[in-house]
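Hello,

Here is the structure I promised to pass on to you. Please have a look at it first, and then read my notes below.

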Amino acid sequence: MQTWYNLKADAGKTPVLSIFDDIGAYGVSAKNFLNDLRSVTGDEVAVEINSPGGDFFAGLAIYNGLRASGKKITVKVLGLAASAASLVAMAGDTIEMAENSFLMMHKTLTRMFANADAMREAAELLDKFDAGLVSIYAKRTGKSAEEIIALLESETWMSAQEAFDAGFATSVTAALAVKASYSEDR
């Protein structure tokens, strides 16, 4: 049973796609996510996120698939939208963050076992990937490229209110009230 990712489509309600794991081959794959998105017949979908991020290209494919779907996308950050998950979050027409949730962004990363020439080539590619991130975040927030680059360079963590104030979220929602309970029947 996959508890980290699912599609919930109750009759008469907005279908919900949930991302509760890493984004990429060993978590939420772009292929599975987009196949489920295509199965949604209505014109709205909600995307719940609690993810540390993952593969840049999987996140980019999910972002582009959501934007190209023609559906009204409501993103709900329930805990964390970090790294590639923050990129996915930007696909929302609306981006709701629970008041106790967080968003994190940084420059793209890679792992390498390579010589100096290959590392220089990889650095040039990472610069291109970062330019793509800058474009997406700037379009969402209205911030300049220089402002976004500064946020990426410093690996920026934002509370829900900070993300809202900076234009990365469209609203801050109340945190779910939680009560401790105990049952002898259990």
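**Ile136 and its surroundings**

Ile136 is buried, because its relative accessible area is 12%, and under 20% counts as buried. Please keep in mind throughout that this is a predicted model. Ile136 sits in helix H4. Leaving aside residues up to four places away in sequence, Ile136 touches Leu60, Tyr63, Leu87 and Met90. One of these partners, Leu60, is 76 residues away from Ile136 in sequence, yet the two C-alpha atoms are 9.9 Å apart in space.

**The overall picture**

With that residue as a starting point, here is the wider layout. The protein has 6 helices and 8 strands. Starting at the N terminus, their order is β-β-α-β-α-β-α-β-β-α-α-β-α-β. Of the 186 residues in the protein, 41% are buried. If you take the contacts between residues at least 6 apart in sequence, 67% of them join residues at least 24 apart.

**How the helices pack**

Which residues of H2 meet H4? They are Phe56, Phe57, Leu60 and Tyr63, and on the H4 side they meet Phe129, Leu133 and Ile136. By class, the residues of this contact are 7 nonpolar, with no polar and no charged ones. The axes of H2 and H4 are 12 Å apart, and the two helices pack at an angle of about 35°. Their crossing is left-handed.

H4 also packs against H5. Here the axes come within 9 Å and cross at roughly 115°, and the crossing is right-handed. From H4, the contact uses Asp130, Leu133, Val134, Tyr137, Ala138 and Thr141, while H5 brings Ala145, Ile148, Ile149 and Leu152. The residues of the contact of H4 with H5 divide into 8 nonpolar, 1 polar and 1 charged. Leu133 is worth finding on your screen, as it is listed both in the contact of H4 with H2 and in the contact of H4 with H5.

**The largest pocket**

Next, the empty space. The largest pocket holds about 480 Å³. It is lined by 18 residues, and those closest to its centre are Gly54, Asp55, Phe56, Leu109 and Thr110. Helix H2 (56-68), helix H3 (84-89) and helix H4 (116-141) are the elements that each give two or more residues to the lining. Which of them gives the largest share? That is H4, with 4 residues. Sorted by class, the lining has 9 nonpolar, 6 polar and 3 charged residues. Phe56 links this part to the previous one: Phe56 is among the residues closest to the centre of the pocket, and Phe56 is also one of the H2 residues that meet H4.

**Two backbone details**

Finally, two residues to look at in the loops. Ser83 is not a glycine, yet it has a positive phi of about 55°. You will find Ser83 in the loop between strand E4 (72-82) and H3. Is Ser83 buried or exposed? Its relative accessibility is 15%, so Ser83 counts as buried.

Glu155 is another residue other than glycine with a positive phi, in this case near 45°. Glu155 belongs to the loop between helix H5 (145-153) and strand E7 (156-159). Because its relative accessibility is 41%, Glu155 counts as partly exposed.

Enjoy exploring, and do write back with any questions.

Best wishes

Notes
Residues numbered from 1 in each chain as written. Predicted model: local features only at pLDDT ≥ 70, side-chain atom pairs only at ≥ 80, totals over all residues. Heavy atoms only, no water. 1 Å grid on protein atoms, 1.4 Å probe; cavity = no way out; pocket = protein on both sides within 12 Å on 5 of 7 lines; lining within 4 Å. Points joined across faces, edges and corners; volume = space filled by probe spheres on them. Nonpolar A, V, L, I, M, F, W, Y, C, P; charged D, E, K, R; others polar. Buried < 20%, exposed > 50% of the residue type's maximum accessible area, 1.4 Å probe, protein only. Axes fitted to C-alpha atoms, helices over the stretch in contact; angles between N-to-C directions. Left-handed = near helix turned anticlockwise from the far one by under 90°. Contact = heavy atoms within 4.5 Å.
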